[in-house]
Amino acid sequence: MMCPANNMIRERCGRGSGLAASTRRCYTKGMESHRLGDLEIVLDKRGPREYAKVSYPLRFGCFSEIISPDVACQFGLNGDLKFLQGRGPEWPHPAEWLKRSAGGDWVYYSAGEYREIFDLFGEYYVPRLSYPSNCIFRSDPFKNAAVKSALRAWDSLCGQLKQSLPGIPSGQLKEFVRSVCDRDSAGLVRRAGDFHDRIGGRVSVLPPDARHVDYDVMPVVVADGCLYHCAFCTVKSARTFEPRNLDDIRTQIEGLRAFYERELCNYNSIFLAHHDALAAGGERIEFAAGYGYETLEMKASYMKDGAHLFLFGSADSLLSAREDVFRTIRELPFQTYINVGLESADPETLSAIGKPITARKVEEAFERMLVINRDYPNIEISANFVFGEQLPAGHLPSLVSLTRGKLDRYWDKGALYLSPLLNGVPLEIHEKREIVRDFQEVKRKARLPAFLYLIQRL
Ligand code: SF4
């Protein structure tokens, strides 16, 4: 598909990007297997080309793999460690693993009880994070001895590879082993720092819809800060809302291209950060998405389920965006997901959580979301609501009334994400049960898909 923003991109940049001609189709090489002492190494393995929701370890895209007696590791095409799984009998579960984000965080994929987990999250796993978030589960996999041991085994593996490196003949294997050695634990910390430098800091929260691509998004910051600075929010920045200029956006995208390099072919998704890209306006969205599509070579991605664009909006940005903004987004070569933080339709709850908008505005924004979802096939707006036992009694009834009363039948487009408010305090077991019970009630009554939202950063 022709990217409709190309003309504007060329105008803005004063040149044709000329990048498509240099597309590196890294995945056209064949798979190679090697043995190095007790290590099995497979280069350029090819996994599925579409994201799928499955209940077993499945590695999407192209990757290389090292299996030692203690640990199985998969690497991106630049040699960055991406997945790790212990191999000993103590490892918690054969369907569980660790994933490392481009931002340098470990995420433990916990399988738990499949049916309950899928019901709650719409996925077959729960991402357990190595930093404070709003997870409703108490246990911490990062304290598990087998998980700690697998992470130590990764360091030992790097040591072993460094010793072997001089004896490996020149060729693809040596090149791969060298890149893994360069990206040992300390090297990966440097890589994460480099990644954040290229976009001007950490992404404090990813949209819940990014779960559809396993959070494999390339972030491009189009605006800092947010409109409301709500009291309850743990991910906000202190900055007032300020869109980035187009030069800055262009520099970020080119920096990301250099950062991802060969790994670009494993990505087909862009996140327009931070908290309210919709408020940054149609022109910025069009430029960032269009220039990103071309420069980050999305058309040449190994992943074949189409390009995805994720962004956050707010009640005000959704209501003030004119129809031509959505027409512009519709013409982009993406399936676009816009996640809007509405939080509550109950005035007392909005006041209690310090969200400075009215319940009437929340209702209007919800109605607008339904209209956009109906009128634009390739745009999906989802909504966030807070969730927790400590909220005023009117919150749940208002949520059910809004999400049931405004629709005449069940729609499967436009998910509701219910975000547990934990304030960093782990839940007691009975509190978890109450949250799950309340969630099930909303899920049963709402006429849209409903899921719990666990905040992830990048
Ligand atoms: S919930 Fe959204 S609008 Fe409110 S402070 Fe957090 S980021 Fe800003």
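The radius of gyration is taken over C-alpha atoms, and the globule rule is 2.2 Å times the number of residues to the power 0.38. The legends below use a predicted model.

**Figure 1. The whole chain has the radius of a compact globule.** For 458 residues, the rule gives a radius of gyration near 23 Å. The chain has 22 Å, so the two agree. Its C-alpha trace spans about 70 × 60 × 40 Å along the principal axes. There are 13 helices and 17 strands. Of the 458 residues, 41% count as buried. Take the contacts between residues at least 6 apart in sequence: 72% of them join residues at least 24 apart.

**Figure 2. Two domains meet within the chain.** Domain 1 covers 31-188, and domain 2 covers 200-452. Their C-alpha centres lie 29 Å apart. At the meeting place, 18 residues of domain 1 are in contact with 26 residues of domain 2. What kinds of residues make up the side of domain 1 that touches domain 2? Eight are nonpolar, six are polar and four are charged.

**Figure 3. The largest nonpolar core has 117 residues.** V220, V222, L272 and A277 have the most contacts inside this core. Helix α3, residues 145-164, gives the most to the core, with seven residues. Both domains take part: domain 1 (31-188) and domain 2 (200-452) each supply at least three residues.

**Figure 4. A close-up of V220 and its contacts.** Which residues does V220 contact, leaving aside neighbours within four places in sequence? They are I249, Q252, I253, I270, L272, A273, A288 and G292. Within the largest nonpolar core, V220 and L272 are among the residues with the most contacts.

Note on methods: Residues are numbered from 1 along each chain as its sequence is written. This is a predicted model: local features need pLDDT of at least 70, side-chain atom pairs count only at pLDDT 80 or more; totals for chains, interfaces and linings use all residues. Domain bounds come from an automatic or database domain assignment. Two residues are in contact if their C-beta atoms, placed from the backbone, lie within 7 Å. Ala, Val, Leu, Ile, Met, Phe, Trp, Tyr, Cys and Pro count as nonpolar, Asp, Glu, Lys and Arg as charged, and the others, Gly among them, as polar. Helices (H or I, at least four residues) and strands (E, at least two) are DSSP runs, numbered from the N terminus. A residue is buried if 20 or more other C-beta atoms lie within 10 Å of its own, exposed if 12 or fewer, and partly exposed in between; C-beta atoms are placed from the backbone. A nonpolar core is a set of buried Ala, Val, Leu, Ile, Met, Phe, Trp, Tyr and Cys residues joined through C-beta atoms within 7 Å.
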